[in-house]
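Visitor: I am new to this structure and should be grateful for a guided introduction. May I put some questions about its parts?

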Amino acid sequence: ERVEILDTKKENELILHFTERLPAHPEKKFRAVVNKEKRLATVYNHSATHLLHEALRTVLGKHVEQRGSLVHPDYLRFDFSHFQKVTDEELAKIEMLVNEKIQQNIPRDERRHVPFDEAKKMGAMALFGEKYGDTVRVIRFGTSVELCGGTHVQSTGQIGVFKIISESAVAAGIRRIEALTGPKALEYLNQKIAELKKIEALVKNPNVVAGVENLVNENRALAREIEKMQSVISGSIKESLKQNVQRLNGINYIGSIVNLRSADALKDLSYQLKNEVKNLFLVLGANIDGKPHLAVMIDEMLVKEKNLHAGSIIRELAREIQGGGGGQPFFATAGGKNPEGLKKAVERARSFIERI
């Protein structure tokens, strides 16, 4: 973590933090100093990785083997072979087994210079990607036995607590678990408890799950009411548009900006008008949550007889709203960035009929 320069002339010590440059006086004597807090945190995570490996094989099966590992002062990451997602129930059991080993405060059994074959007979797990010599170091915590040259706790109780925070896939047949130990795990749990208390206050119910379920049910009920209201509004808009159909070159033209809340509602209205107005050329615009949307619907007979294409037309109109779109010959949609251009886009649509 830092390097100390030993000044033999002044007989005192100066501290030089690591930089990308060489020290000014490379001829001096140096002493590496380890950051004690980071070292301990790394130790907790390393020993917990061994316990996790054993727990995974116990719960998921002996096919589980290490496929990668990161031991960091803040967290641990462990990649392992497994053919499917680890379920929440399995993760809970794995976490429980590791914490049981921690609570048992199992002392570290460290054996150095053990012949490799003898270590294998002891049941030691050789870690993925590691190269071993004729003799190895064996680390045992009860039934957890692995070949390892890293630093470890004196006994498992030092780890304090183990908490899994994520499980995911990293490749075909390879899963990844990330977890916390010691103070970092307690910090994480306290943060979650604080968040839970805030939710409890917001839902005004000591039973947070029931409170959230009530909110979800209320939200669904409101969404249904809004949907009903939108249906009524859409029906009213449809009738108004039908009453204002313009006859241009033998074509029933409707062009308007409508007040709808979703692109689906805009599409639905377009299809309803197509079914109720024959020989229709329809252009609708809507400002939905601050974003402009356009829809073009053309009767199939007009598409064939007049060689019209809604997808080509919508791409032209979309320029007015600084957007793009496309679709089928009879129906197309577009979105953009400039709601102010909706009026001009709808007005411009008339020119496609006037050119026929």
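The questions and answers below concern a predicted model.

Visitor: In what order do the strands of the open sheet of four strands lie?
Guide: The pairing in this open sheet is antiparallel. Its edge strands are β4 (66–71) and β9 (162–171), each of which pairs on one side only. The order of the four strands is β4-β5-β10-β9.

Visitor: By what angle, on average, are neighbouring strands of this sheet turned against each other?
Guide: The sheet in question is the open one with antiparallel pairing. With direction ignored, its neighbouring strands are turned against each other by an average of 15°.

Visitor: How many residues lie between β4 and β5 in their hairpin?
Guide: The strands β4 and β5 run antiparallel and are joined by five bridges. Within this pairing, G68 stands opposite D79 in β5. The number of residues between the two strands of the hairpin is four.

Visitor: Is Y75 buried, partly exposed or exposed?
Guide: Y75 has its place in the loop between β4 and β5. Setting aside neighbours within four places in sequence, Y75 is in contact with N45, L70, A179 and L180. Buried would require under 20% relative accessible area, and exposed over 50%. Y75 has a relative accessibility of 24%, and therefore counts as partly exposed.

Visitor: How far apart in space are Y75 and K306, C-alpha to C-alpha?
Guide: In sequence, Y75 and K306 are separated by 231 residues. In space, the distance from C-alpha to C-alpha is 67 Å.

Visitor: Which residue in β10 stands opposite F80?
Guide: β5 is mostly covered, with five of its six residues buried. Six bridges join β5 to β10, and these two strands run antiparallel. Opposite F80, the residue in β10 is R175.

Visitor: Which residue in β10 is the bridge partner of A169?
Guide: Strand β10 comprises residues 174–181, and eight bridges join β9 to β10. The two strands run antiparallel. The bridge partner of A169 in β10 is R175.

Visitor: What angle does the direction of helix α1 make with that of β5?
Guide: Helix α1 (residues 36–60) packs on the sheet and touches β4, β5 (76–81), β9 and β10. Its direction makes an angle with that of β5 of about 25°.

Visitor: Which strands does helix α2 touch?
Guide: Helix α2 spans residues 88–103 and packs on the sheet. Its direction makes about 135° with that of β9. The strands touched by α2 are β9 and β10.

Visitor: Is the crossing of α4 and α5 left-handed or right-handed?
Guide: The axes of α4 (residues 182–203) and α5 (residues 208–243) come within 9 Å and cross at roughly 50°. The two helices are therefore oblique to each other. Their crossing is left-handed.

Visitor: How many residues of the contact of α4 with α5 are nonpolar?
Guide: From α4, the residues L196, I199, E200 and V203 meet V208, G211, V212 and L215 in α5. One residue of this contact is polar and one is charged, while the number of nonpolar residues is six.

Visitor: How many charged residues belong to the contact of α8 with α9?
Guide: The axes of α8 (residues 310–318) and α9 (residues 342–354) come within 10 Å and cross at roughly 140°, and the crossing is right-handed. On the α8 side, the contact is made by I313, E316 and L317, and on the α9 side by A345, R348, A349 and F352. Five of the contact residues are nonpolar and none is polar, while the number of charged residues is two.

Terms used: Residues are numbered from 1 along each chain as its sequence is written. This is a predicted model: local features need pLDDT of at least 70, side-chain atom pairs count only at pLDDT 80 or more; totals for chains, interfaces and linings use all residues. Side-chain values use heavy atoms; hydrogens and water are left out. Axes are lines fitted to C-alpha atoms, for helices over the stretch in contact, and angles run from 0 to 180 degrees between N-to-C directions. Angles under 35 degrees count as roughly parallel, over 145 as roughly antiparallel, 65 to 115 as roughly perpendicular and the rest as oblique. A crossing is left-handed if the near helix is turned anticlockwise from the far one by less than a right angle, and right-handed if clockwise. Contact means heavy atoms within 4.5 Å. Ala, Val, Leu, Ile, Met, Phe, Trp, Tyr, Cys and Pro count as nonpolar, Asp, Glu, Lys and Arg as charged, and the others, Gly among them, as polar. Two strands pair if DSSP finds at least two bridges between them. Buried means under 20% relative accessible area, exposed over 50%, partly exposed in between (1.4 Å probe, protein chains only).
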